[in-house]
There are 2 protein chains.
Amino acid sequence: MGSTIASQEARVLCRQNRLTNTAGVAPGYLQANLLILPVKYAADFHDLCLRNPVSCPLLGKTSVPGDPHAVQPKGCIQSPDFDMRTDFPKYRVYEKGKYRESRQDLKDLWTSDHVGFLIGCSFSFEDALTAAGLPPRHQKTNTIVAMYRSTIPLLPAGIFTGGHCIVSMRPYHPSQIDRVRDVTRPYLSTHGEPVAWGWDGAKRLGITDIDQPDFGEPQVFEEGEVPVFWACGVTPQIAVESAGAQIGGLVFAHEPGHMLITDWTVDDLQRLRPGSST
Amino acid sequence: MGSTIASQEARVLCRQNRLTNTAGVAPGYLQANLLILPVKYAADFHDLCLRNPVSCPLLGKTSVPGDPHAVQPKGCIQSPDFDMRTDFPKYRVYEKGKYRESRQDLKDLWTSDHVGFLIGCSFSFEDALTAAGLPPRHQKTNTIVAMYRSTIPLLPAGIFTGGHCIVSMRPYHPSQIDRVRDVTRPYLSTHGEPVAWGWDGAKRLGITDIDQPDFGEPQVFEEGEVPVFWACGVTPQIAVESAGAQIGGLVFAHEPGHMLITDWTVDDLQRLRPGSST
């Protein structure tokens, strides 16, 4: 489904809970992961993103605490009816760093104290891979991409200490890896090129059983294929888990695989490079 | 020496080889590490910095390949007589990823093909630590800060794969660590807050003998003190070592401990945050 729908239309479908897994939806538009937390932790979380831009690439944040309708920079979401509490297909609720429940919207839990952060998502480069003849396996099998807890330490920022990077995985043949790296390299603001690849790469990341992902679903390997790993926007949720009871109040995130379609496109990638003017 | 000299004066002293270790020189001015490489590897190295901003925080780069006199953004170095080939106290020369020699200037080795990158340096926050009553040990003992190879993987970019983050170490008492983190946190563009601390932190970084640093000199621990580790701008040199023979032509770097004094000051830190306009 969804190969021709555009960003605003996709968000409305998500708001109406008529879309779930957003892989392959609205090609060419950058997708975003989510973290929403009380304003007193917002500065530390912002620093965490800036210190870990591969796993937590900051695309935008709410303009005013408590207001779920406006995001800065403005190009990220342009429609005035945007609502961060409804426009993701599905949400997760965390309490004292622990997953509590999943929800289709956050309307009755959001408070005037909440700040939302949009984090780049690797789904953004998947249609570029497909266009290059390198379609991600999970799109072909209609599954949720496999995600794993790695041993790459998250560099600490304020209360966020002791976390590790989550990685997503797509199988490719070793002969394809140079092209896969080249195609995804420009996507700096949505995880960019892989962080590791091959079976030795899996070992270096501390991943012992590729068939047992921590999030999403196992992926099918064809003859001779090896895993290729990208940093993953589920990482902030792990940072919240690590901060644990230090965080008072509720924290919200997207359900893995269930993203926001932004109004930014592939053409905005260069402009989104750190240090470029936006 | 040097507590009152300013940036341009310090650079001239370095040019004349009348200064060596720049720790404590020109307080309030941000210091920079160096990597110079042939232009064909410049895009990959630029991406490496953006993907690893804690160990490789990019402060500036030469405006035109082959021109050692001008740096962008302009605020970084304002004096028109600046020369990247002479204004560091001491340089290292790498050939095919291997250290070849140290030099006081690069005049006869620099080519019209070379691009220079200035990387933030942790010396920048040391006077803030001193002002907070937390002076770094190596300044009190007049030694070169201890630096170690850690097991934090450097996230790959193009030809730069397989590197690890170098860390600098300053001993502090556990009761001081919260303040040390708070004081250094704003210095995002010059490594910011620590990446690990304590003896368990040393273990997590893969450092087995604190008295055997890989660069610099061992530091004296006082009763009850533990190591505190920051990412270090020697890291790009390790990235070059890892790329090895893939790099044709000569690569240059600063001699560890021997930095460039820039014209940026503590007041520029907020402006230098990724995504801020410069």
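**Close-up views of a predicted model**

**Figure 1. Bridge between β7 and β8 of chain B.** B:Ala146 has B:Met169 of β8(B) as its bridge partner. The model shown here and in the other figures is predicted. The two strands, β7(B) and β8 (residues 164-172), run antiparallel and are joined by five bridges. They belong to an open sheet of four strands in chain B, with the order β7-β8-β10-β9 and antiparallel pairing. At the edges of this sheet lie β7 (146-153) and β9 (196-197), each of which pairs on one side only.

**Figure 2. Strand β1 of chain B and its partners.** Strand β1 covers residues 29-38 of chain B, and nine of its 10 residues are buried, so the strand is largely enclosed by the rest of the structure. β1(B) pairs with β6 (residues 114-120) in the antiparallel sense over seven bridges. Within this pairing, B:Ile36 stands opposite B:Gly116. Two bridges, also antiparallel, link β1(B) and β11(B). Here B:Ile36 has B:Phe252 as its bridge partner. With β12(B), β1(B) forms three bridges, and the two strands run antiparallel. B:Ala32 and B:Leu260 are bridge partners in this pairing.

**Figure 3. Surroundings of B:Pro256.** B:Pro256 sits in the loop that leads from β11 (250-254) to β12 (260-265) of chain B. Its relative accessibility is 7%, so B:Pro256 counts as buried; the cut-off for buried is under 20%. Leaving aside residues up to four places away in sequence, B:Pro256 touches B:Arg92, B:Ile144, B:Met147, B:Phe215, B:Val234 and B:Gln237. Another proline, B:Pro186, is 70 residues away along the chain, and the C-alpha atoms of the two are separated by 23 Å.

**Figure 4. Cis peptide bonds before A:Pro73 and B:Pro73.** Most peptide bonds are trans. In chain A, the bond from A:Gln72 to A:Pro73 is cis, with omega near -5 degrees. A:Pro73 lies in the loop between β3 (71-72) and β4 (91-95) of chain A. In chain B, a cis peptide bond joins B:Gln72 and B:Pro73, with omega about -5 degrees. The loop that holds B:Pro73 runs between β3 (71-72) and β4 (91-95) of chain B.

**Figure 5. Positive phi at B:Asn17 and B:His191.** Most residues other than glycine have a negative phi. B:Asn17 is not a glycine, yet its phi is positive, at about 55 degrees. B:Asn17 is part of the loop between α1 (7-15) and β1 of chain B, and with 30% relative accessibility it counts as partly exposed. B:His191 also has a positive phi without being a glycine, with a value near 85 degrees. B:His191 is found between α5 (177-184) and β9 of chain B, in a loop. At 1% relative accessibility, B:His191 counts as buried.

**Figure 6. Chain A as the setting for the close-ups.** Chain A contains seven helices and 12 strands. Its C-alpha trace spans about 55 × 40 × 35 Å along the principal axes. The radius of gyration of chain A is 17 Å, which agrees with the value near 19 Å for a compact globule of 278 residues. Of these 278 residues, 60% count as buried. Considering contacts in chain A between residues at least 6 apart in sequence, 76% join residues at least 24 apart. The exposed area of chain A is about 10400 Å², with 49% supplied by carbon and sulfur atoms. Chain A carries 26 positive and 30 negative charges, whose mean positions are 3 Å apart.

How values were computed:
Residues numbered from 1 in each chain as written. Chains lettered and ligands numbered in written order. Predicted model: local features only at pLDDT ≥ 70, side-chain atom pairs only at ≥ 80, totals over all residues. Heavy atoms only, no water. Rg over C-alpha atoms; globule rule 2.2 N^0.38 Å. Buried < 20%, exposed > 50% of the residue type's maximum accessible area, 1.4 Å probe, protein only. Contact = heavy atoms within 4.5 Å. Areas by Shrake-Rupley, 256 points an atom, 1.4 Å probe, with all protein chains shown as cover. Lys, Arg positive; Asp, Glu negative; His and termini not counted. Charge placed at Lys NZ, Arg CZ, Asp CG, Glu CD. Pairing = 2+ DSSP bridges.
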